[in-house]
Amino acid sequence: MWLFDQLVEQHISEAQQKGEFDNLPGSGKKLELDDDSHVPPELRAGYRLLKNAGYLPPELEMRREAVELNELLAGIQPEDERYSQHARRLALLESKLRQAGMSTDFLRNEYGERLQQRLFGDK
């Protein structure tokens, strides 16, 4: 065993004897591990760090913003000057999400159809 490993083991043993690990939150409970099998192995550590820090992966952040814009646009009249700006941003986010391989079905509703017609014409 390496010197460093021995020092770590010694500190852990001393802490156990002092009772520093007693009554920790979650003590005696089953660990709840996240299912990150859908995340590429080389990104798992980074995504876990982002999650623990309260941030979302870029794709999910874009999805969250798209949902917010979708709800915002549902409450704005098309004549409002902010409407076209938000609609263009939503169309860009939808395009980026599709490029990332994510479904954008969550945007499909009456507003989504109107936006599609307004931006791209009847298809």
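**Helices, a nonpolar patch and some salt bridges**

Hi everyone, let me start with one residue: Phe21 has a relative accessibility of 40%, which means that it counts as partly exposed. Please keep in mind that we are looking at a predicted model.

Where does Phe21 sit? It is in the loop between α1 and α2, and α2 covers residues 41-52. Phe21 also has company on the surface: together with Phe4, Val8, Ile12 and Leu24, it forms a nonpolar patch. The accessible area of those five residues together is about 450 Å².

Now for the overall picture. The chain has 5 helices and 0 strands, and along the sequence the pattern reads α-α-α-α-α. Of the 123 residues in the chain, 19% are buried. The chain exposes about 10000 Å², and 52% of that comes from carbon and sulfur atoms. As for contacts, take those between residues at least 6 apart in sequence: 47% of them join residues at least 24 apart.

Let's walk through the first part of the chain. Helix α1 runs over residues 3-18, which is 16 residues. From its first C-alpha to its last it reaches 23 Å, close to the 22 Å expected at 1.5 Å a residue. Just after α1 comes Gly19, with a positive phi of about 85 degrees. Then, past the loop, we get to α2. How does the span of α2 agree with what its 12 residues should give? At 1.5 Å a residue they should span 16 Å, and the end C-alpha atoms are 17 Å apart, which agrees. Following α2 there is Gly54, and its phi is positive too, near 90 degrees.

On to the charged side chains. How many salt bridges are there? The count comes to 5, taking a side-chain nitrogen of Lys or Arg within 4 Å of a carboxyl oxygen of Asp or Glu.

Here is one of them: Arg64 with Glu68, where the closest N and O atoms are 2.6 Å apart. Both residues lie in helix α3, residues 58-74, and they are 4 residues apart, about one turn of the helix. Why does that spacing suit a pair like this? An α-helix has 3.6 residues a turn, so residues three or four places apart point the same way. Arg64 is partly exposed, with a relative accessible area of 33%, and Glu68 is partly exposed as well, at 44%. Glu61 joins in here: Glu61, Arg64 and Glu68 are linked in a network of salt bridges.

The next pair is Arg89 and Glu65, with the closest N and O atoms 2.9 Å apart. Arg89 belongs to helix α4, residues 81-99, while Glu65 is in α3, so this pair ties together parts that are 24 residues apart in sequence. Buried, exposed or in between? Arg89 has 31% relative accessibility and therefore counts as partly exposed, and Glu65, at 23%, is partly exposed too.

One more bridge to point out: Arg82 with Asp80, their closest N and O atoms being 2.8 Å apart. Arg82 is at 42% relative accessibility, which makes it partly exposed. Asp80, at 24%, also counts as partly exposed.

To wrap up, there are three things to look for on the screen: the nonpolar patch that includes Phe21, the salt-bridge network of Glu61, Arg64 and Glu68, and the Arg89 and Glu65 bridge between α4 and α3. Thanks for listening!

Note on methods
Residues are numbered from 1 along each chain as its sequence is written. This is a predicted model: local features need pLDDT of at least 70, side-chain atom pairs count only at pLDDT 80 or more; totals for chains, interfaces and linings use all residues. Side-chain values use heavy atoms; hydrogens and water are left out. Helices (H or I, at least four residues) and strands (E, at least two) are DSSP runs, numbered from the N terminus. The expected span of a helix is 1.5 Å times one less than its number of residues. Patches are made of residues with over 30% relative accessible area and no salt bridge: like charges are joined within 9 Å, nonpolar side chains (Val, Leu, Ile, Met, Phe, Trp, Tyr) within 5 Å. Accessible areas come from the Shrake-Rupley method with a 1.4 Å probe; for residues, only the protein chains shown count as cover. Buried means under 20% relative accessible area, exposed over 50%, partly exposed in between (1.4 Å probe, protein chains only). Contact means heavy atoms within 4.5 Å.
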